[in-house]
Amino acid sequence: MAVSRPFAASFAWQRTVPYLLAAPLLIFMLVFYALPVLSMLMRSFFNPGLTLSNYTSLPDDVVFIKVFWNTLYTSIIVTLGTLLLGYPVALALVRTRRLAPLILIVIMLPFWTSVLVRSYAWMVLMGRHGLINEAMMAAGFLDRPMRLLNTPLATQIAMVHILLPYMILPIANALRQIDPSLARAASGLGATPLGTFRQVILPLSMPGVAAGTLLVFVLALGFYITPAMVGGPREITLSMLIAQQVDQLNWSYAACLSAVLLATALVIIGAAQRLPGIGNAFKMSAR
Amino acid sequence: MNLVQAIAGRVLPTTVVGLILLFLIFPIVVVMVVSFSSATYLTFPPPAFDLRWYKAYFGNEDWLRPTWLSIWVAAAVVILSTLLGTLAALGIARLPPALRVVASGLILSPLIVPVIVVAIGIYYAFSRYGLVGTPVALVLAHTCLAVPFVVTSVSASLSGIDPRLQQASLSLGATPIGTFFQVTLPLIRPGVLVGALFAFITSFDELVVSLFLSGSGAVTLPRRMWDDLRFAIDPTIAAVSTLTIVLTVALMGCAHLLRKRAT
């Protein structure tokens with residue numbers, strides 16, 4: 001059966017509309033983002049001729065190994081810290097009715113503040129004459145100020161503070177989806193509150209824990225501003241090493257390090273895709 | 001219930017959660033309090049309250065110029081990313097599934113790719129065309145970082161629309177364009193607005209890309225703060241920080257309320 005001409009034309013037109021709508025942004029992202037990043041990454045294969053030497057020399061590169069482990073170690077500590085501090089808050093957020101809006105405000109206020117300002121806040125707190133030192137000395141715990149700022153601990157504390165909401169929000173989401181009648185059934189069947197938590201609530205909140213852990217870990221891997229501001233001069237992160245190499249115009253090495261950082265993040269995200277509840281984890285990184 | 005149980009069951013968890021919440025909010029509060037300090041150095045609590053650091057900020061062209069640049073760049077980013085992002089969200093929803101995955105993968109990837117990699121990639125390409133140190137470079141780069149937020153926000157409100165509304169409009173004789181402006185757009189307006197607010201804040205707060213692209217000709221406010229922090233941490237930065245906290249919290253609060261009302 002022949003379709004009348006104007007109808008066929010309008011049908012074809014209808015089918016091209018989605019492409020026409022998406023094209024401007026896709027072209028924009030290709031030209032100003034994807035191609036620049038890819039062409040930079042390609043530099044890692046040239047030194048100056050086509051070679052893999054940048055990559056093959058990495059295992060013997062003492063600086064790289066040290067920085068890479070420091071980056072991983074910091075991310076692990078920060079992830080564990082946010083998990084430890086985040087879970088109780090998520091639980092409180094979901095359990096309380098009256099205080100929930102207040103708790104949410106306390107979580108969101110720092111979340112909406114820029115990383116630069118929050119890192120600066122920790123500089124103010126942890127300085128030699130900062131609030132923490134002054135308070136500890138006034139209370140008699142210290143005789144003279146201790147070195148807090150520009151230590152690995154400072155980086156870890158500030159990063160836990162900055163990334164904590166990324167852990168709290170997915171866990172609270174998972175907790176909210178648990179059917180309250182399950183907890184009632186458990187306690188009706190004789191489980192203690194702790195038993196109900198361990199055997200019902202905790203396992204059912206695991207998708208949220210997985211999403212929060214992935215989000216915090218991957219974001220922590222790329223941290224630059226905070227460790228540069230409050231961290232130790234020796235304990236630099238991969239991002240800081242990359243920036244340093246760019247400053248020295250060591251492009252092929254910087255590109256190689258960037259590829260390693262990106263690949264590490266992608267491998268972890270890829271491995272996590274098998275876990276339940278991961279699907280939309282990164283869409284939640286919207287503040 | 002005996003005392004031990006009461007402590008273990010209620011008092012202890014409340015105290016623990018209270019302390020964690022204090023940890024979250026305290027640094028922000030300290031910066032705000034310090035910004036009203038009369039002291040020339042950072043000390044807490046301040047000896048007396050004074051507005052001198054706000055006067056120092058508002059009276060100094062070296063602070064105001066970067067502030068205006070950040071505002072203009074962010075405004076341009078809002079226009080560009082909201083326009084491109086909204087159109088793309090409308091298009092992507094109707095692409096074949098395989099293409100949809102590729103397109104949204106490209107658009108959302110800045111959420112996953114470490115920002116230093118994006119920053120030096122763009123710096124690497126832009127420096128060849130003499131764009132470093134121009135506001136245009138910042139607008140283009142910040143738009144790439146802001147677009148994922150616009151697309152996710154608009155897509156979320158698009159998926160919440162009952163398709164029968166658009167079908168009804170078309171069957172009642174409205175043109176596709178008329179349907180868009182009179183049915184679809186009013187329905188996704190909250191999503192577009194939330195995306196626009198996110199885009200503004202993403203650009204206004206952005207530092208890592210600006211560290212490479214600002215050069216000396218296009219210094220943004222975060223870049224100016226960063227440069228200042230290397231030499232002195234006088235309370236002017238606390239005053240600037242407080243102002244940016246107030247601005248971002250107000251805008252994000254709006255976005256939060258809009259999103260809540262839309263769902």
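Hi everyone, let me start with one residue: A:Leu249 is exposed, with 7 other C-beta atoms within 10 Å. Keep in mind throughout that this is a predicted model. A:Leu249 is found in the loop between α12 and α13 of chain A. What drew me to A:Leu249 is its backbone: phi is near 60°, a positive value in a residue other than glycine.

There is another residue of this kind in chain A. A:Asn150 is not a glycine, yet it has a positive phi of about 65°. You will find A:Asn150 in the loop between α6, residues 131-138, and α7 of chain A. Is A:Asn150 exposed or partly exposed? It counts as partly exposed, because 18 other C-beta atoms lie within 10 Å, and the buried class begins at 20.

Now step back from A:Leu249 to the helix just before it, α12 of chain A. This helix spans residues 238-247 and is mostly covered, with 7 of its 10 residues buried. Those buried residues are A:Leu238, A:Ser239, A:Met240, A:Leu241, A:Ile242, A:Ala243 and A:Val246. What do they pack against? Within chain A, the partners are α3, α11 (225-230) and α13 (251-272), and from the other chain α5 of chain B joins them.

Let's zoom out to chain A as a whole. Its secondary structure comes to 13 helices and 0 strands. Buried residues make up 43% of its 287 residues. For the overall shape, a compact globule of 287 residues would have a radius of gyration near 19 Å, whereas chain A has 25 Å. Along the principal axes, the C-alpha atoms of chain A fill a box of roughly 85 × 65 × 30 Å. And if you take the contacts in chain A with a separation of 6 or more, 74% are between residues 24 or more positions apart.

One helix pair I'd like you to look at is α3 (residues 62-95) with α10 (residues 206-221), both in chain A. Their axes come within 9 Å and cross at roughly 145°, and the crossing is right-handed. On the α3(A) side, the residues that meet α10(A) include A:Thr71, A:Thr74, A:Ser75 and A:Val78. On the α10(A) side, A:Gly212, A:Thr213 and A:Val216 are among them. The residues of this contact divide into 6 nonpolar, 8 polar and no charged.

That brings us to A:Leu163. Leaving aside neighbours within four places in sequence, A:Leu163 is in contact with A:Val78, A:Thr82, A:Val216, A:Leu219 and A:Ala220. Where does A:Leu163 stand in the largest nonpolar core? That core has 159 residues, and A:Leu163 and B:Ile120 are those with the most contacts inside it. Helix α7 of chain A, residues 152-176, gives the largest share of the core, 16 residues.

Finally, the two chains together. The contact takes 64 residues from chain B and 64 residues from chain A. On the chain B side, several helices each supply at least two residues, including α1 (3-34), α3 (61-92), α5 (115-128) and α8 (176-205). Which helix of chain B brings the largest share? That is α1(B), with 13 residues. By type, the side of chain B that touches chain A has 54 nonpolar, 8 polar and 2 charged residues.

That's my tour, and I'm happy to take questions.

How values were computed
Residues numbered from 1 in each chain as written. Chains lettered and ligands numbered in written order. Predicted model: local features only at pLDDT ≥ 70, side-chain atom pairs only at ≥ 80, totals over all residues. Contact = placed C-beta atoms within 7 Å. Helix = DSSP H or I, 4+ residues; strand = E, 2+ residues; numbered from the N terminus. Nonpolar A, V, L, I, M, F, W, Y, C, P; charged D, E, K, R; others polar. Core = buried A, V, L, I, M, F, W, Y, C linked by C-beta atoms within 7 Å. Buried ≥ 20, exposed ≤ 12 C-beta atoms within 10 Å, placed from the backbone. Axes fitted to C-alpha atoms, helices over the stretch in contact; angles between N-to-C directions. Left-handed = near helix turned anticlockwise from the far one by under 90°. Rg over C-alpha atoms; globule rule 2.2 N^0.38 Å.
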